[in-house]
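Visitor: Could you take me through a close look at one part of this structure, the packing of a pair of helices, and explain the terms as you go?

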Amino acid sequence: MKSDYHFKFEDLLVYQKAMSFGEEVDQLVINFPQRELYALSSQFRRAADSIALNIAEGYPGSDAQFVKHINHALHSSNECVSANEKALKREYISYEQREEIRKQITIIQKMLTSLRSIIRQRLKK
């Protein structure tokens, strides 16, 4: 549902993809064993959510601040790669699910890296 109130960072495609990714991970970990509730499930969800949260947090600041938050988002996406691999090794997800998550992380990382490059170019001027 569309809000009557709009924030500029919500227009960023990478933010939208990161938001969707966080929701997909949230649904994925529902099937993890109960013993992982406060371990891998929680860590995976927090890392996935952190990608969009860092984009939003850094957006209204200076270019240098935004680059810092984009880096945090990239670090969180790397953490998702590790959590995804742990989930596969523990047989909580299928190979196909693993590959879909990796595909989405790759897309998000490419977008974040491109955005960071554009901002860094602005900083050099």
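Guide: What follows is a look at one helix pair, set in its chain.

This is a predicted model, in which local features need pLDDT of at least 70 and side-chain atom pairs count only at pLDDT 80 or more, while totals for chains, interfaces and linings use all residues. Residues are numbered from 1 along each chain as its sequence is written, and side-chain values use heavy atoms, with hydrogens and water left out.

The chain holds 4 helices and 0 strands, where helices are DSSP runs of H or I with at least four residues and strands are runs of E with at least two, numbered from the N terminus. Helix H1, residues 13–28, packs against helix H2, residues 40–58, at an angle of about 165°, and their axes lie 8 Å apart; the axes are lines fitted to C-alpha atoms over the stretch in contact, and angles between N-to-C directions run from 0 to 180 degrees. H1 is therefore roughly antiparallel to H2, a label that applies to angles over 145 degrees.

Where the two helices meet, with contact meaning heavy atoms within 4.5 Å, the residues of H1 include Val-14, Ala-18, Phe-21 and Val-25, and those of H2 include Phe-44, Ala-48, Ile-51 and Ile-55. By class, this contact of H1 with H2 has 13 nonpolar, 1 polar and 3 charged residues, with Ala, Val, Leu, Ile, Met, Phe, Trp, Tyr, Cys and Pro counted as nonpolar, Asp, Glu, Lys and Arg as charged, and the others, Gly among them, as polar.

Ile-51 is also one of the residues touched by Ser-77, which is placed in helix H3, residues 63–89.

Key
Parallel < 35°, antiparallel > 145°, perpendicular 65-115°, else oblique. Lists of a residue's contacts leave out its neighbours within four places in sequence.
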